[in-house]
Amino acid sequence: MMARAAVAEDFAGIEIQPMQALRGFNLNLATGIMILKVSHALTLLDAENRVMAIAGVIEKQPDVVSVWVLLAADAGRHMLAITRFLKWAMRENTRGYEIIETLVRADFAPGRRWAGMFGFECVERGISQDPDGNLEDLYRRAA
């Protein structure tokens with residue numbers, strides 16, 4: 001796996017996992033440009049330079065950040081390496097903040113388990129809806 005700063009083209013070049021592939025949200029160059037205006041993001045590439053994950057951090061308040069990850073549909077064989085790298089990247093990119101938050105789709109058990117692996121705890125259920133109307137739970141941890 002290789003990591004680098006995300007570029008807008010990465011968003012057009014990732015085929016994301018089905019639970020993240022929303023009808024109401026198209027990943028394309030314009031979306032990538034918009035996301036990178038408000039978020040610091042990294043891209044993880046496999047040996048063939050295919051985008052396996054894009055992860056980012058958005059400051060919500062001076063002491064609170066929100067983290068997010070888009071995973072490729074075929075990222076499964078790289079999950080150990082992806083998880084290890086993202087744990088390191090989250091530590092490095094959230095220094096100076098007190099609280100880290102993330103949203104997890106309420107009906108996505110693997111996402112809930114993954115949040116737990118990163119030390120997050122669910123603090124509020126059904127806090128928001130994604131563009132397709134699926135409920136999302138808020139997870140939080142100390143930085």
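The charged end of R141 sits over the ring of F120, 5.9 Å from its centre, where a charge counts as sitting over a ring if NZ of Lys or CZ of Arg is within 6 Å of the ring centre and within 35 degrees of the ring normal. In this predicted model, local features need pLDDT of at least 70 and side-chain atom pairs count only at pLDDT 80 or more, while totals for chains, interfaces and linings use all residues. Residues are numbered from 1 along each chain as its sequence is written, and side-chain values use heavy atoms, with hydrogens and water left out. A lysine provides another such contact, since the charged end of K87 sits over the ring of F118, 5.9 Å from its centre.

Rings can also meet one another: those of Phe, Tyr and Trp (its six-membered ring) pair if their centres lie within 6.5 Å, and planes under 30 degrees apart count as stacked, over 60 as edge-to-face and the rest as tilted. By this rule there are three aromatic pairs. One of them is the tilted pair of F11 and W68, with 6.2 Å from centre to centre and 40° between the planes. This pair links distant parts of the chain, 57 residues apart, with F11 in helix 1 (residues 8–12) and W68 in strand 4 (residues 64–71); helices (H or I, at least four residues) and strands (E, at least two) are DSSP runs, numbered from the N terminus. Both F11 and W68 are buried, a word that means under 20% relative accessible area, with exposed over 50% and partly exposed in between (1.4 Å probe, protein chains only).

F85 and W88 form another tilted pair, 5.5 Å centre to centre with 45° between the planes. Because they lie three residues apart in helix 3 (residues 79–93), F85 and W88 are separated by about one helical turn. F85 is partly exposed, with a relative accessible area of 22%, and W88 is also partly exposed, at 41%.
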